Amino acid sequence: MTAKLPYDKTDPKSIERYAKKLIGKTFQDVLNESIYSNSKVGDESGKYGDEKRKGGLGNLLEKYYFGYEVNSDSEPDFKEAGVELKVSPYEEKNKGGYKAGERLVLTMINFNKEVEQDFYKSHVWEKCKLMLLIYYFRDKAIKNNLDYHIDYAKLFEIPEKDMNIIINDYKIIIDKILQGKAHEISEGDTMYLGACTKGATAAKSLVSQRYNENVKAKSRAFCLKNSYMTTVLNNYLMADECTDAAEFASEKELKAKSISEIIQDRLNKYINWNEDRIASKLGIDINKKNKSYEAIIVKHMLGVNELEDEKIDEFQKAGINVKVVKFKKHGKPNENMRLEDINFINLDKEPFDDEIKDEDGNDIGWEASRLYEILGNRKYLFAVFWEDEEGVIFKGCQLWSMPDDDLEKVKAAWKELKIKIRNGVEFEVNGNIVTNNLTKSSENGIFHVRPHAKNSFYKFTDGTEIGNGNISDTDLLPSGDRITRQAYWLNRSYINNQLEDTLIRHH
């Protein structure tokens, strides 16, 4: 490539100004207009346009827009300016708004090399200290990747407050490697900076580790988590289109303690208090007819005294969801935990694992699924209450993420569920009672699918209607049948198995 660069490769602002000229263009426009194109550019259209291949569009911009050859160096892409190029998709959420389409992979972790314990001397820091973020909208109706539109291009430095959390995350990962426990690393161990497997096939591709010759580990890379990048997208790239969330902790607090420790400090002082005493202490009125009133109390206990629907900045970035677990009195079982309602049309459209690949050729259909986003990309803050004769007592909290082994079981169940949806849900009608063959609580021991609607209603393609509800209580199946609105639920027995023993009520 001999063409003169149309930007100053030593100046971050010059690179950013040139990058902003991409806004409004498609990747096909970039290829068509490239000053670096040659007779082979037509072949590149087929290579990058494959809808079954996610990723690779960053390589296209590196080569045909910024004019440098793709490499896997640990140094930043624009090394003279200290700028790392990151090209990533964003998508529309099911219920409106936007989210990052995937985590932001920074650099591979080499378990065979001596680890760098100083974050500011690590390859991770080299890759994230100054990033040029280019985001394109991944429209699922578009079949050719080259037709995606580029909407944002901006330099990004991680805020100092966030760096406190990221450095703590780095230490957690490094400590496991040093202890010879690289095989026990999970993306759920940390808050903002993760150690992700490189696609589904990477889970089968085991590598040796320097600090433990007896056990191999999954191949992993450092990444900024999807939840963190979603917040960066909404609060930085799309800053004019959103409002800031409430802050949970000060920068001073985060320099001294981790988010987990701060959560424990704030909630533990209320252990064995009943909810009326807690509400009185905090000076809040509670409406016990509101099903989510205990979650509102927990937010106040955490020190976030904003409106009921106010988001917590650090919780958004870490993907932390507050969930109340209540053990009822007189030996009654605690409830199953609803995760989210299911959109069956969207579930059917999700690709199976081997139907879509990342830039390295790894199968990633499961990791692109909504259920993986719910259980693999999130943490849950379980706030546990016990109901007794004196009222409802707060017993403590636990920050939890699903273990990798359990995610593998959920993945298998997700595949089976998709096959059932694709083949057509089987119904059995007995008077006004309708049963189906969707995932039952006994099938995998972790989650199940069951109704989440005030009333029951079914409408089949032959015109048959059953139930005391109406169309608004249903969801559409790919077959054309309408089924009572369903949700994903965590089994109560599974939740009990995940809780620390001091939180479980033994009857």
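Which residues lie nearest the centre of the second largest pocket? Some notes to get you there and around the rest of the fold.

1. First, a caution: this is a predicted model. The protein has 507 residues, and 51% of them are buried. You'll find 17 helices and 21 strands as you scroll through.

2. Contacts often link distant parts of the chain. Take those between residues at least 6 apart in sequence: 70% of them join residues at least 24 apart. On the outside, the protein exposes about 24400 Å², with carbon and sulfur atoms supplying 44% of that.

3. Now to the opening question. M108, N110, E114, E116 and H123 lie nearest the centre of the second largest pocket, out of 17 residues that line it. Its volume is about 340 Å³.

4. As for what builds that lining, β3 (104–108), α5 (123–128) and α6 (160–178) each put in at least two residues. The top contributor is α6, with 3 residues. Sorted by class, the lining of this pocket holds 8 nonpolar, 5 polar and 4 charged residues.

5. Strand β4 is worth a look too. It covers residues 131–137, and 6 of its 7 residues are buried. Strand β1 (residues 84–92) runs parallel to β4, joined to it by 7 bridges; one pairing to pick out is S88 with Y135 in β4.

6. β4 also pairs with strand β5 (residues 149–156), this time antiparallel, over 7 bridges. To find the spot on screen, look for F137, which stands opposite H149 in β5. While you're there, keep in mind that side chains in a regular strand alternate between the two faces of the sheet.

Key. Residues numbered from 1 in each chain as written. Predicted model: local features only at pLDDT ≥ 70, side-chain atom pairs only at ≥ 80, totals over all residues. Heavy atoms only, no water. Buried < 20%, exposed > 50% of the residue type's maximum accessible area, 1.4 Å probe, protein only. Helix = DSSP H or I, 4+ residues; strand = E, 2+ residues; numbered from the N terminus. Pairing = 2+ DSSP bridges. Contact = heavy atoms within 4.5 Å. Areas by Shrake-Rupley, 256 points an atom, 1.4 Å probe, with all protein chains shown as cover. 1 Å grid on protein atoms, 1.4 Å probe; cavity = no way out; pocket = protein on both sides within 12 Å on 5 of 7 lines; lining within 4 Å. Points joined across faces, edges and corners; volume = space filled by probe spheres on them. Nonpolar A, V, L, I, M, F, W, Y, C, P; charged D, E, K, R; others polar.
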